[in-house]
Amino acid sequence: MDLEFSIEPVAECSLLIRFVNPVSATLSVQIGELASEIMGKFSGIVINVTPSYQTILVDYLPYRMDQDEIIPSLRGFITACYLSPECLEERVELPAYYHHSVGPELALYEHDGLTLQDVIRLHSEAVYTVCAIGFAPGFAFMTDVAEPLRKPRLKTPRLRVPAGSIAIAENQTAVYPAISPGGWNIIGNCPLKLFDPEQSPMIPFTIGSQVCFRPISREEFLDLGGECVFPTRNSAGHPIT
Amino acid sequence: MTPVNCFLQVIKLGQLTLIQDYGRYGFSPAGVTQSGPLDDYAYSWANHLLGNEANCAALEITLGQAEFVSPVDCMIAIAGADLAATIDEKALENWASHRLLKGQRLKFALARNGLRAYLAIRGGFQTGLQLGSASTTQRESLGGLHRDGSPLVAGDRLVFLPHILDKKSVRMTFRYKPDYNLPIRLRVIEGYQAGQFPESSLSSLYRQVFTVTQHINRMGYRLQGEPLPGPSQAMLSEGIALGAIQIPPDGQPIVLLNERQTIGGYPKIGCVARLDLPRLAQARPGQKVQFIRGELEELQLKWCQWARFFGY
């Protein structure tokens, strides 16, 4: 794919590369690769890259290479860079326990006429592409969620979403790597530790990674260290089904 | 011969004393934020006064009320907000290095001006690194003494390397000393979605006097003023540079700082000049802030001069 882009300074030490190409899985794969190539090629000058859907923010040291030199240098590098259109890395498979005890918004889908089996099938048969990582370490925004599963964010975000929560907002799905506030629709839980600063790599994906969810049983979920943290009984003691 | 145990013992601490070095770089692709000192000017001076490397771990003491003691003689430096620092009740000059002898009490009271002070030690605090940095990021559970993003507490021991003391204090020349009581004027490098804001919003940005709200922290500073209408179209999240001025739908500017999220989808009108962020980092709720249009080339040149001076 021919990349069309602009490079603009946004601060003393930051440039924003903006791609004109529409958002797509292929673009994400290429942005992911490019971000990594730029860090390598301009090592010592570029100190950070922040890839996202259609952009890469480049933080650099202008006293090592000034703006007038780095912009054409980057432009030439991106234009000449050979980037594969497909993700060469292995598909990432995330175990997913889909159940009311960890997915409170499953009730909303039920209300729409989708059974738990429908939700599981629709969510787990897709292969998603990571198009952005941010909001928190290891929080990967993935597309494209099947039409029947698309829902807007909650009107009132939760103050605390349990770690591992599998979530949907519009056409994107994500897993909350750690407990945090969150406004997405929660349908299940992934028991794996998605962000571990002591491990290399510290997260299992990068921009462009292909990800899928593998439905697992409650037993396997607990074996893998999963925890059911949403209440399963309401205040009257009746089970929340 | 056994080495002497060199550590600064924390006797008492205020709410927010964090270990910070210059920050964590290269991990944005994983969503890990840069962290580091909010006032990098004061942090850098504290290290510079001791002849330290630019990246040495120091303490960022916010609001104050801290007390330390060392079992051995050491050389420290303080810079930033005036926290009425004393050694054995004797007042210490700010923006200067000092001899802290064994058994003497180093105390910080409440800030008399500004908000954050930096305490550096010769050779830096030896606290271990996480993802290449000692910087503490609470919301990511990263860094700091316990490698979990937690602030320091009473009883903590901050190890340092044995070193030589200077006979006298090294002081910063007065012309470099900021006055935190002066009006805060922040130069703006226009960019990002600046072109999508109506001209009236831009002139309002430069004409108004904004007020620093209570909602300030290491992620950013929320300001309050006449709303600045901006582009209404939802946009895709993109990387956020340090100092970016974000204008959410309510039209109230937020200047994003060291613990900002790496990407975000609200419109941005530009970035505050790197040289002016230290002043904002010392602003307290209720203080007034004004924006001025800045000139990128000139600001880059000046920043590079300081970067070379401090040895980044």
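Helices and strands are runs assigned by DSSP, a helix having at least four residues and a strand at least two. The exercises below apply to a predicted model.

**Exercise 1.** Describe the overall build of chain B, beginning with how many helices and strands it has.

*Solution.* Begin with the secondary structure, which in chain B comes to 4 helices and 20 strands. Next, take the radius of gyration of chain B, which is 20 Å and close to the 20 Å that the globule rule gives for 312 residues, so chain B is as compact as a globular protein of that length. Along the principal axes, the C-alpha atoms of the chain fill a box of roughly 70 × 40 × 35 Å. Then turn to the contacts: of those between residues at least 6 apart in sequence, 76% join residues that are at least 24 apart.

**Exercise 2.** Work out what share of chain B is buried, and what its exposed surface is made of.

*Solution.* Of the 312 residues in chain B, 60% are buried, where buried stands for a relative accessible area under 20%. The chain exposes about 12900 Å², and carbon and sulfur atoms supply 53% of this area. As a last step, consider the charges: the mean positions of the 32 positive and 26 negative charges of chain B lie 5 Å apart.

**Exercise 3.** Decide whether Glu238(B) is buried or exposed, and find what surrounds this residue.

*Solution.* First locate Glu238(B), which belongs to strand E15, residues 238–239 of chain B. Its relative accessible area is 2%, and since the cut-off for buried is under 20%, Glu238(B) counts as buried. Now look at the neighbours: leaving aside residues up to four places away in sequence, Glu238(B) touches residues that include Leu16(A), Arg18(A), Ser52(A) and Thr55(A) of chain A, as well as Tyr192(B) and Lys268(B) of chain B. Finally, the side chain of Glu238(B) makes a polar contact with the side chain of Gln193(B), at 2.8 Å.

**Exercise 4.** Find where Gln104(B) lies and which backbone atom its side chain reaches.

*Solution.* Gln104(B) sits in the loop between strand E8 (96–100) and strand E9 (105–110) of chain B. From there, its side chain reaches the backbone nitrogen of Leu101(B) at 2.8 Å. Gln104(B) also touches Asp88(B), and although these two residues are 16 residues apart along the chain, their C-alpha atoms are separated by 5.8 Å.

**Exercise 5.** Identify what covers the buried residues of helix H2 of chain B.

*Solution.* Start with the helix, residues 199–207, in which Ser201(B), Leu202(B), Ser204(B), Leu205(B) and Tyr206(B) are buried. Their cover includes strand E12 (184–190), strand E13 (210–217), strand E19 (268–272) and strand E20 (288–293) of chain B.

Key: Residues numbered from 1 in each chain as written. Chains lettered and ligands numbered in written order. Predicted model: local features only at pLDDT ≥ 70, side-chain atom pairs only at ≥ 80, totals over all residues. Heavy atoms only, no water. Rg over C-alpha atoms; globule rule 2.2 N^0.38 Å. Buried < 20%, exposed > 50% of the residue type's maximum accessible area, 1.4 Å probe, protein only. Contact = heavy atoms within 4.5 Å. Areas by Shrake-Rupley, 256 points an atom, 1.4 Å probe, with all protein chains shown as cover. Lys, Arg positive; Asp, Glu negative; His and termini not counted. Charge placed at Lys NZ, Arg CZ, Asp CG, Glu CD. Polar contact = N/O pair within 3.5 Å; in protein donor to acceptor, adjacent residues only side chain to side chain.
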